[in-house]
Amino acid sequence: MNLLLLNIKELIQVRDEAPELLSGNEMKILPTLKNAWLHIDKGVIQDYGTMDKLPELSGFKTIDCTDRMVLPTWCDSHTHLVYAGNREQEFVDRINGLSYQEIAARGGGIVNSAKRLQETSEDALYEQSAVRLKEIMKLGTGAVEIKSGYGLTTESEMKMLRAAKKLAQNFPVTIKTTFLGAHAVPPEFKENKRGYIDLICEEMLPEIVRENLADYVDIFCENGYFSVEDMHQLLTEAAKYGLRPKVHVNQFTSMGGIQAAVKHNALSVDHLEELTQEDIESLEGTTTMPVALPSCSFFINIPYAQGRKIIDAGLPLALATDYNPGSTPSGNMNFVISLACIRMRLTPEEAINAATINGAYAMDLSKTHGSITRGKTGSVFITKPVPSYGFLPYAFGSN
Ligand code: NIG
Ligand code: FE
(Lines give C-alpha, C1' and ligand atoms only; values in the text may rest on other atoms or scores of the structure.)
(Ligands and ions follow the chains in the order given, each with its own letter.)
Protein backbone atom coordinates (compact mmCIF):
# COMPACT_ATOMS: atom_id res chain seq x y z
CA MET A 1 0.00 0.00 0.00
CA ASN A 2 1.16 3.49 -0.85
CA LEU A 3 0.63 5.38 2.36
CA LEU A 4 1.23 8.95 3.43
CA LEU A 5 0.96 9.99 7.07
CA LEU A 6 0.40 13.74 7.35
CA ASN A 7 0.48 16.41 10.08
CA ILE A 8 2.27 14.12 12.53
CA LYS A 9 2.64 16.10 15.76
CA GLU A 10 6.00 14.40 16.38
CA LEU A 11 7.66 11.59 14.45
CA ILE A 12 9.71 9.68 17.04
CA GLN A 13 13.02 7.82 16.69
CA VAL A 14 13.95 9.29 13.31
CA ARG A 15 17.44 8.24 12.26
CA ASP A 16 18.91 8.90 8.80
CA GLU A 17 21.69 6.48 9.73
CA ALA A 18 20.37 3.87 12.13
CA PRO A 19 22.86 2.60 14.71
CA GLU A 20 22.91 -1.12 15.40
CA LEU A 21 22.43 -0.46 19.11
CA LEU A 22 22.70 2.35 21.67
CA SER A 23 24.87 2.23 24.79
CA GLY A 24 25.27 4.37 27.91
CA ASN A 25 24.85 8.10 27.25
CA GLU A 26 23.73 7.49 23.65
CA MET A 27 20.48 6.17 25.11
CA LYS A 28 19.61 9.63 26.48
CA ILE A 29 19.00 10.98 22.98
CA LEU A 30 15.76 10.32 21.11
CA PRO A 31 15.72 12.13 17.76
CA THR A 32 12.36 13.40 16.50
CA LEU A 33 10.80 15.54 13.79
CA LYS A 34 7.95 17.88 14.73
CA ASN A 35 5.03 18.55 12.37
CA ALA A 36 6.13 15.78 10.04
CA TRP A 37 5.06 13.53 7.20
CA LEU A 38 6.00 9.89 6.58
CA HIS A 39 5.77 7.98 3.31
CA ILE A 40 5.50 4.17 3.39
CA ASP A 41 5.22 2.16 0.19
CA LYS A 42 5.20 -1.62 -0.31
CA GLY A 43 5.80 -2.06 3.41
CA VAL A 44 9.00 0.00 3.38
CA ILE A 45 9.75 3.46 4.77
CA GLN A 46 10.44 5.59 1.68
CA ASP A 47 10.91 9.07 3.04
CA TYR A 48 9.94 11.56 5.72
CA GLY A 49 10.27 15.24 6.41
CA THR A 50 8.57 18.30 7.91
CA MET A 51 5.21 19.56 6.64
CA ASP A 52 6.71 22.83 5.38
CA LYS A 53 8.72 20.75 2.90
CA LEU A 54 6.03 18.34 1.77
CA PRO A 55 6.78 17.35 -1.84
CA GLU A 56 4.08 17.38 -4.54
CA LEU A 57 2.43 14.01 -4.12
CA SER A 58 -0.61 12.19 -5.42
CA GLY A 59 -2.07 8.70 -5.61
CA PHE A 60 -1.59 7.92 -1.94
CA LYS A 61 -3.87 6.79 0.78
CA THR A 62 -3.37 9.55 3.34
CA ILE A 63 -3.86 9.47 7.09
CA ASP A 64 -4.18 12.70 9.03
CA CYS A 65 -2.16 12.41 12.27
CA THR A 66 -2.99 15.82 13.75
CA ASP A 67 -2.18 15.86 17.52
CA ARG A 68 -0.79 12.31 17.28
CA MET A 69 2.70 10.90 17.40
CA VAL A 70 4.10 8.17 15.16
CA LEU A 71 6.65 5.66 16.47
CA PRO A 72 8.41 2.59 15.13
CA THR A 73 6.63 -0.45 16.58
CA TRP A 74 7.92 -1.97 19.81
CA CYS A 75 10.47 -4.75 19.47
CA ASP A 76 9.69 -7.31 22.17
CA SER A 77 12.77 -9.54 22.23
CA HIS A 78 11.73 -11.99 24.97
CA THR A 79 8.37 -13.77 25.16
CA HIS A 80 6.89 -17.20 25.74
CA LEU A 81 3.72 -16.18 23.90
CA VAL A 82 2.88 -19.69 22.63
CA TYR A 83 1.43 -21.56 25.61
CA ALA A 84 -1.62 -23.57 26.61
CA GLY A 85 -4.05 -22.59 29.36
CA ASN A 86 -3.21 -20.23 32.19
CA ARG A 87 -2.06 -20.42 35.83
CA GLU A 88 -4.39 -18.15 37.81
CA GLN A 89 -4.39 -20.60 40.71
CA GLU A 90 -0.65 -20.05 41.23
CA PHE A 91 -1.33 -16.31 41.19
CA VAL A 92 -3.73 -16.81 44.10
CA ASP A 93 -1.22 -19.11 45.85
CA ARG A 94 1.33 -16.31 45.66
CA ILE A 95 -1.17 -13.82 47.10
CA ASN A 96 -1.57 -16.28 49.97
CA GLY A 97 2.14 -16.25 50.65
CA LEU A 98 3.89 -18.87 48.52
CA SER A 99 6.90 -17.82 46.47
CA TYR A 100 7.47 -18.54 42.77
CA GLN A 101 10.11 -21.12 43.72
CA GLU A 102 7.88 -22.79 46.37
CA ILE A 103 5.11 -23.19 43.81
CA ALA A 104 7.56 -24.76 41.34
CA ALA A 105 8.86 -27.14 44.04
CA ARG A 106 5.25 -28.35 44.59
CA GLY A 107 4.96 -29.35 40.92
CA GLY A 108 3.47 -26.06 39.74
CA GLY A 109 5.26 -23.62 37.49
CA ILE A 110 6.79 -24.54 34.17
CA VAL A 111 6.06 -28.28 34.40
CA ASN A 112 2.42 -27.44 35.13
CA SER A 113 2.21 -25.50 31.84
CA ALA A 114 4.09 -28.32 30.07
CA LYS A 115 1.49 -30.87 31.13
CA ARG A 116 -1.29 -28.66 29.73
CA LEU A 117 0.58 -28.06 26.51
CA GLN A 118 1.34 -31.73 25.91
CA GLU A 119 -2.44 -32.40 26.09
CA THR A 120 -3.27 -29.55 23.68
CA SER A 121 -3.38 -30.02 19.91
CA GLU A 122 -1.18 -27.91 17.66
CA ASP A 123 -4.24 -26.22 16.18
CA ALA A 124 -5.68 -25.31 19.59
CA LEU A 125 -2.26 -24.07 20.71
CA TYR A 126 -2.04 -21.93 17.59
CA GLU A 127 -5.52 -20.48 18.14
CA GLN A 128 -4.86 -19.59 21.79
CA SER A 129 -1.55 -17.98 20.88
CA ALA A 130 -3.01 -16.05 17.94
CA VAL A 131 -5.37 -14.27 20.36
CA ARG A 132 -2.35 -13.08 22.36
CA LEU A 133 -0.43 -12.06 19.25
CA LYS A 134 -3.36 -9.97 17.99
CA GLU A 135 -3.57 -8.33 21.39
CA ILE A 136 0.10 -7.30 21.50
CA MET A 137 -0.06 -6.02 17.92
CA LYS A 138 -2.90 -3.72 19.01
CA LEU A 139 -0.61 -2.55 21.82
CA GLY A 140 2.05 -1.49 19.32
CA THR A 141 4.36 -4.49 19.04
CA GLY A 142 5.65 -5.15 15.52
CA ALA A 143 8.49 -7.62 16.13
CA VAL A 144 8.52 -10.35 18.73
CA GLU A 145 10.66 -13.26 19.82
CA ILE A 146 8.80 -16.41 20.88
CA LYS A 147 10.36 -19.26 22.85
CA SER A 148 9.49 -22.92 23.19
CA GLY A 149 10.04 -24.44 26.64
CA TYR A 150 6.57 -25.61 27.71
CA GLY A 151 6.83 -28.82 25.70
CA LEU A 152 9.76 -30.56 27.40
CA THR A 153 9.43 -33.50 24.98
CA THR A 154 10.76 -33.53 21.43
CA GLU A 155 7.27 -33.68 19.98
CA SER A 156 5.82 -30.91 22.12
CA GLU A 157 8.79 -28.58 21.81
CA MET A 158 8.45 -28.92 18.03
CA LYS A 159 4.70 -28.36 18.28
CA MET A 160 5.32 -25.03 20.02
CA LEU A 161 7.86 -23.87 17.48
CA ARG A 162 5.63 -24.89 14.57
CA ALA A 163 2.78 -22.88 16.09
CA ALA A 164 5.11 -19.87 16.36
CA LYS A 165 6.22 -20.29 12.73
CA LYS A 166 2.60 -20.48 11.61
CA LEU A 167 1.87 -17.22 13.45
CA ALA A 168 4.76 -15.66 11.54
CA GLN A 169 3.21 -16.77 8.24
CA ASN A 170 -0.27 -15.52 9.05
CA PHE A 171 0.26 -12.15 10.75
CA PRO A 172 1.94 -8.95 9.54
CA VAL A 173 4.46 -9.03 12.37
CA THR A 174 8.09 -10.20 12.42
CA ILE A 175 8.67 -13.26 14.62
CA LYS A 176 11.94 -14.84 15.74
CA THR A 177 11.87 -18.24 17.45
CA THR A 178 14.03 -19.64 20.22
CA PHE A 179 14.43 -23.25 21.32
CA LEU A 180 14.15 -23.40 25.14
CA GLY A 181 14.00 -27.16 25.76
CA ALA A 182 16.18 -26.47 28.83
CA HIS A 183 13.43 -24.51 30.60
CA ALA A 184 12.81 -27.04 33.41
CA VAL A 185 13.63 -30.66 34.09
CA PRO A 186 10.49 -32.69 33.31
CA PRO A 187 9.20 -34.97 36.13
CA GLU A 188 10.16 -38.16 34.28
CA PHE A 189 13.81 -37.00 34.38
CA LYS A 190 13.69 -35.73 37.97
CA GLU A 191 16.45 -38.09 39.10
CA ASN A 192 18.27 -37.94 35.77
CA LYS A 193 18.83 -34.36 34.66
CA ARG A 194 21.87 -35.43 32.65
CA GLY A 195 19.61 -37.76 30.67
CA TYR A 196 17.30 -34.85 29.83
CA ILE A 197 20.18 -32.66 28.67
CA ASP A 198 21.43 -35.52 26.53
CA LEU A 199 17.93 -35.80 25.02
CA ILE A 200 17.98 -32.08 24.26
CA CYS A 201 21.42 -32.28 22.65
CA GLU A 202 21.10 -35.57 20.82
CA GLU A 203 17.45 -35.58 19.73
CA MET A 204 15.67 -32.25 20.12
CA LEU A 205 18.38 -29.97 18.72
CA PRO A 206 19.05 -31.95 15.52
CA GLU A 207 15.31 -32.40 14.81
CA ILE A 208 14.53 -28.74 15.38
CA VAL A 209 17.43 -27.63 13.21
CA ARG A 210 16.44 -30.08 10.48
CA GLU A 211 12.97 -28.52 10.29
CA ASN A 212 14.49 -25.03 10.61
CA LEU A 213 12.24 -24.21 13.56
CA ALA A 214 14.56 -22.06 15.69
CA ASP A 215 16.71 -18.96 15.25
CA TYR A 216 18.25 -19.10 18.75
CA VAL A 217 18.81 -21.35 21.74
CA ASP A 218 17.95 -20.57 25.38
CA ILE A 219 18.43 -22.17 28.82
CA PHE A 220 17.05 -21.24 32.24
CA CYS A 221 20.27 -21.01 34.26
CA GLU A 222 19.09 -21.03 37.88
CA ASN A 223 19.23 -23.06 41.10
CA GLY A 224 16.71 -25.89 40.80
CA TYR A 225 16.72 -25.64 36.99
CA PHE A 226 20.00 -25.74 35.01
CA SER A 227 23.58 -25.08 36.10
CA VAL A 228 26.37 -23.13 34.42
CA GLU A 229 27.91 -26.46 33.52
CA ASP A 230 24.64 -27.54 31.82
CA MET A 231 24.71 -24.27 29.94
CA HIS A 232 28.25 -24.90 28.68
CA GLN A 233 27.21 -28.34 27.43
CA LEU A 234 24.08 -27.13 25.64
CA LEU A 235 25.57 -23.99 24.12
CA THR A 236 28.62 -25.87 22.85
CA GLU A 237 26.30 -28.31 21.10
CA ALA A 238 23.98 -25.59 19.77
CA ALA A 239 26.95 -23.68 18.32
CA LYS A 240 27.64 -26.66 16.04
CA TYR A 241 24.27 -25.92 14.42
CA GLY A 242 24.91 -22.18 14.31
CA LEU A 243 22.31 -21.34 16.97
CA ARG A 244 23.30 -18.24 18.91
CA PRO A 245 22.24 -18.09 22.59
CA LYS A 246 19.68 -15.78 24.18
CA VAL A 247 19.55 -16.94 27.77
CA HIS A 248 17.65 -16.66 31.07
CA VAL A 249 20.20 -15.68 33.73
CA ASN A 250 20.31 -14.00 37.16
CA GLN A 251 16.55 -14.06 37.80
CA PHE A 252 16.93 -15.26 41.39
CA THR A 253 20.67 -15.96 41.68
CA SER A 254 23.93 -14.54 40.34
CA MET A 255 25.83 -17.75 39.65
CA GLY A 256 28.15 -17.15 36.71
CA GLY A 257 25.53 -17.50 33.96
CA ILE A 258 26.37 -14.14 32.40
CA GLN A 259 30.07 -14.95 32.15
CA ALA A 260 29.29 -18.32 30.56
CA ALA A 261 26.82 -16.74 28.12
CA VAL A 262 29.36 -14.12 27.06
CA LYS A 263 31.93 -16.87 26.43
CA HIS A 264 29.44 -18.48 24.06
CA ASN A 265 28.86 -15.17 22.26
CA ALA A 266 25.25 -14.81 23.44
CA LEU A 267 23.15 -12.26 21.58
CA SER A 268 21.39 -11.39 24.84
CA VAL A 269 21.32 -12.13 28.56
CA ASP A 270 17.82 -11.71 29.95
CA HIS A 271 16.24 -11.08 33.40
CA LEU A 272 19.24 -9.79 35.46
CA GLU A 273 17.20 -9.07 38.61
CA GLU A 274 20.17 -10.23 40.72
CA LEU A 275 23.23 -8.53 39.31
CA THR A 276 26.67 -8.00 40.88
CA GLN A 277 29.28 -5.41 39.94
CA GLU A 278 31.33 -8.26 38.52
CA ASP A 279 28.37 -9.30 36.32
CA ILE A 280 28.11 -5.76 34.95
CA GLU A 281 31.84 -5.65 34.25
CA SER A 282 31.75 -8.97 32.43
CA LEU A 283 29.37 -7.45 29.87
CA GLU A 284 31.67 -4.53 29.04
CA GLY A 285 33.23 -4.70 25.57
CA THR A 286 30.99 -7.59 24.45
CA THR A 287 28.30 -7.83 21.75
CA THR A 288 25.80 -9.27 24.26
CA MET A 289 22.68 -7.17 24.95
CA PRO A 290 21.43 -7.06 28.57
CA VAL A 291 17.62 -7.38 28.55
CA ALA A 292 15.41 -6.29 31.47
CA LEU A 293 11.89 -7.64 32.03
CA PRO A 294 10.28 -5.26 34.52
CA SER A 295 6.72 -6.59 34.23
CA CYS A 296 8.02 -9.96 35.50
CA SER A 297 9.41 -8.21 38.60
CA PHE A 298 6.10 -6.41 39.01
CA PHE A 299 3.99 -9.56 38.77
CA ILE A 300 5.96 -11.94 41.01
CA ASN A 301 7.22 -9.25 43.37
CA ILE A 302 10.95 -9.65 42.93
CA PRO A 303 13.64 -6.95 42.59
CA TYR A 304 13.87 -4.99 39.33
CA ALA A 305 16.96 -5.28 37.14
CA GLN A 306 19.18 -2.29 37.90
CA GLY A 307 18.69 -0.66 34.53
CA ARG A 308 19.99 2.70 35.72
CA LYS A 309 23.25 1.12 36.87
CA ILE A 310 23.63 -0.87 33.65
CA ILE A 311 23.24 2.22 31.46
CA ASP A 312 25.44 4.36 33.74
CA ALA A 313 28.16 1.73 33.34
CA GLY A 314 28.12 2.58 29.63
CA LEU A 315 26.31 -0.59 28.59
CA PRO A 316 23.27 -0.91 26.30
CA LEU A 317 19.93 -2.10 27.65
CA ALA A 318 16.84 -3.58 25.97
CA LEU A 319 13.35 -3.92 27.46
CA ALA A 320 11.00 -6.84 26.81
CA THR A 321 7.81 -8.26 28.31
CA ASP A 322 8.60 -11.94 29.07
CA TYR A 323 4.91 -12.66 28.23
CA ASN A 324 4.25 -16.12 29.78
CA PRO A 325 1.60 -17.84 31.91
CA GLY A 326 3.65 -18.03 35.12
CA SER A 327 5.73 -14.96 35.84
CA THR A 328 4.27 -12.38 33.41
CA PRO A 329 0.82 -12.95 31.91
CA SER A 330 1.05 -9.69 29.97
CA GLY A 331 2.61 -8.68 26.66
CA ASN A 332 2.10 -4.96 27.12
CA MET A 333 5.25 -3.07 26.08
CA ASN A 334 3.64 0.27 27.03
CA PHE A 335 3.41 -0.90 30.63
CA VAL A 336 6.99 -2.25 30.45
CA ILE A 337 8.19 1.21 29.37
CA SER A 338 6.29 2.87 32.22
CA LEU A 339 7.75 0.43 34.75
CA ALA A 340 11.25 0.99 33.38
CA CYS A 341 10.83 4.71 34.04
CA ILE A 342 9.04 4.38 37.37
CA ARG A 343 10.92 1.49 38.97
CA MET A 344 14.25 1.34 37.13
CA ARG A 345 14.70 5.12 36.80
CA LEU A 346 15.15 5.21 33.05
CA THR A 347 14.18 8.45 31.32
CA PRO A 348 11.44 8.23 28.64
CA GLU A 349 14.16 8.62 25.98
CA GLU A 350 16.17 5.72 27.41
CA ALA A 351 13.10 3.50 27.79
CA ILE A 352 11.89 4.15 24.23
CA ASN A 353 15.38 3.47 22.85
CA ALA A 354 15.53 0.26 24.90
CA ALA A 355 12.16 -0.88 23.52
CA THR A 356 12.92 -0.08 19.88
CA ILE A 357 16.54 0.03 18.59
CA ASN A 358 18.00 -2.14 21.35
CA GLY A 359 15.07 -4.57 21.28
CA ALA A 360 15.61 -4.97 17.53
CA TYR A 361 19.31 -5.69 18.13
CA ALA A 362 18.39 -8.44 20.61
CA MET A 363 16.55 -10.22 17.74
CA ASP A 364 19.09 -9.45 14.98
CA LEU A 365 16.57 -7.06 13.44
CA SER A 366 18.60 -3.84 13.51
CA LYS A 367 18.59 -3.59 9.73
CA THR A 368 14.80 -3.64 9.41
CA HIS A 369 13.23 -2.55 12.71
CA GLY A 370 13.60 -0.19 15.65
CA SER A 371 13.72 3.23 13.98
CA ILE A 372 12.17 5.47 11.35
CA THR A 373 14.89 5.10 8.73
CA ARG A 374 14.61 5.07 4.92
CA GLY A 375 14.63 1.46 3.71
CA LYS A 376 13.49 -0.07 7.01
CA THR A 377 10.19 -1.94 7.35
CA GLY A 378 7.20 0.38 7.49
CA SER A 379 6.19 -1.01 10.85
CA VAL A 380 4.91 1.98 12.81
CA PHE A 381 2.05 2.93 15.09
CA ILE A 382 0.03 6.09 15.53
CA THR A 383 -0.73 7.19 19.09
CA LYS A 384 -3.89 8.70 20.50
CA PRO A 385 -3.73 12.51 20.72
CA VAL A 386 -0.95 13.05 23.31
CA PRO A 387 0.86 16.20 24.51
CA SER A 388 4.42 14.77 24.33
CA TYR A 389 6.26 11.45 24.08
CA GLY A 390 7.02 11.64 27.81
CA PHE A 391 3.26 11.27 28.27
CA LEU A 392 3.50 7.65 27.05
CA PRO A 393 5.31 6.22 30.14
CA TYR A 394 3.72 8.86 32.39
CA ALA A 395 0.16 7.76 31.59
CA PHE A 396 0.87 4.25 32.90
CA GLY A 397 -1.83 1.66 32.30
CA SER A 398 -3.21 3.62 29.34
CA ASN A 399 -2.29 2.20 25.97
O1 NIG B 1 11.11 -15.96 32.04
N2 NIG B 1 12.18 -17.89 34.35
C3 NIG B 1 11.87 -18.74 33.56
N4 NIG B 1 10.91 -18.71 32.65
C5 NIG B 1 9.83 -17.80 32.63
C6 NIG B 1 8.71 -18.14 33.54
C7 NIG B 1 8.21 -19.47 33.29
C8 NIG B 1 6.95 -19.82 33.98
O9 NIG B 1 6.78 -19.55 35.19
O10 NIG B 1 6.11 -20.41 33.30
C11 NIG B 1 10.34 -16.41 32.87
O12 NIG B 1 10.01 -15.75 33.86
FE1 FE C 1 11.35 -15.72 30.11
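# Reading a predicted model, feature by feature

Colleague: Arginine 194 has a relative accessible area of 38%. Why does arginine 194 count as partly exposed?

Modeller: This is a predicted model, and every value here is computed from that model. For accessibility, buried means under 20%, exposed means over 50%, and partly exposed is in between. Arginine 194, with 38%, is therefore partly exposed.

Colleague: Which residue does arginine 194 meet in a salt bridge?

Modeller: A salt bridge pairs a side-chain nitrogen of Lys or Arg with a carboxyl oxygen of Asp or Glu, within 4 Å. Here the partner of arginine 194 is aspartate 230, with 3.2 Å from N to O. Aspartate 230 belongs to helix α7 (residues 228–240) and arginine 194 to helix α6 (residues 193–210), so this salt bridge ties together parts that are 36 residues apart in sequence.

Colleague: Is aspartate 230 buried or exposed?

Modeller: Aspartate 230 has a relative accessible area of 2%, so the residue is buried. Its partner, arginine 194, is partly exposed.

Colleague: How many salt bridges does a search of the whole structure find?

Modeller: The search finds 18. One of these joins glutamate 207 and arginine 210, whose closest N and O atoms are 3.3 Å apart.

Colleague: By about how much of a helical turn are glutamate 207 and arginine 210 separated?

Modeller: Look at the spacing in sequence. The two residues are 3 apart in helix α6, which means that about one helical turn separates them. For accessibility, glutamate 207 is partly exposed, at 29%, and arginine 210 is exposed, at 60%.

Colleague: What salt bridge does glutamate 350 form?

Modeller: Glutamate 350 pairs with arginine 308, and the closest N and O atoms are 2.7 Å apart. Glutamate 350 is in helix α13 (residues 348–355) and arginine 308 is in helix α11, so the pair ties together parts that are 42 residues apart in sequence. Glutamate 350 and arginine 308 are both buried. Through shared partners, salt bridges join Lys28, Arg308, Asp312 and Glu350 into one network.

Colleague: What is the relative accessibility of glutamate 350, and which residues does glutamate 350 touch?

Modeller: The relative accessibility is 0%, so glutamate 350 counts as buried. Leaving out residues up to four places away in sequence, glutamate 350 touches Met27, Lys28, Arg308, Ile311 and Arg345. The pair with arginine 308 can be read in a second way, as a polar contact of 2.7 Å between the side chains.

Colleague: Where is threonine 253, and which side chains does its side chain reach by polar contact?

Modeller: Start with the place, then read the partners. Threonine 253 is in the loop between β10 (244–249) and α8 (257–263). Its side chain makes a polar contact of 2.3 Å with the side chain of glutamate 222 and another, of 3.5 Å, with the side chain of asparagine 223. Not counting residues up to four places away in sequence, threonine 253 touches Glu222, Asn223 and Glu274.

Colleague: What are the protein donors of the iron ion (ligand 2)?

Modeller: For a metal site, list the donor atoms, then their distances. The donors are His78 (NE2), His80 (NE2), His248 (NE2) and Asp322 (OD), 2.1 to 2.2 Å from the iron ion. Next, read the spacing in sequence, which for these donor residues is H-x1-H-x167-H-x73-D.

Colleague: Are histidine 78 and histidine 80 buried or exposed?

Modeller: Histidine 78 is buried, because its relative accessibility is 0%. Histidine 80 is also buried, at 2%.

Colleague: Which residues make the nonpolar surface patch of about 260 Å²?

Modeller: Phe91, Val92 and Ile95 make this patch. Take valine 92 as a case: this residue is in helix α1 (residues 88–95). Its relative accessibility is 34%, so valine 92 counts as partly exposed.

Colleague: One last case. Where is alanine 313 found, and with which residues is alanine 313 in contact?

Modeller: Alanine 313 is in the loop between α11 (307–312) and β13 (318–319). Apart from neighbours within four places in sequence, the residues in contact with alanine 313 are Ile280 and Glu284. Compare sequence with space: alanine 313 and leucine 283 are 30 residues apart along the chain, and their C-alpha atoms are separated by 9.9 Å. Alanine 313 counts as partly exposed because its relative accessibility is 30%.

Key:
Residues numbered from 1 in each chain as written. Chains lettered and ligands numbered in written order. Predicted model: local features only at pLDDT ≥ 70, side-chain atom pairs only at ≥ 80, totals over all residues. Heavy atoms only, no water. Helix = DSSP H or I, 4+ residues; strand = E, 2+ residues; numbered from the N terminus. Polar contact = N/O pair within 3.5 Å; in protein donor to acceptor, adjacent residues only side chain to side chain. Contact = heavy atoms within 4.5 Å. Patch = residues over 30% accessible without salt bridge, like charges linked within 9 Å, V, L, I, M, F, W, Y side chains within 5 Å. Areas by Shrake-Rupley, 256 points an atom, 1.4 Å probe, with all protein chains shown as cover. Buried < 20%, exposed > 50% of the residue type's maximum accessible area, 1.4 Å probe, protein only. Donors = N, O, S within 2.8 Å, 3.2 Å for Na, K, Ca; no water.
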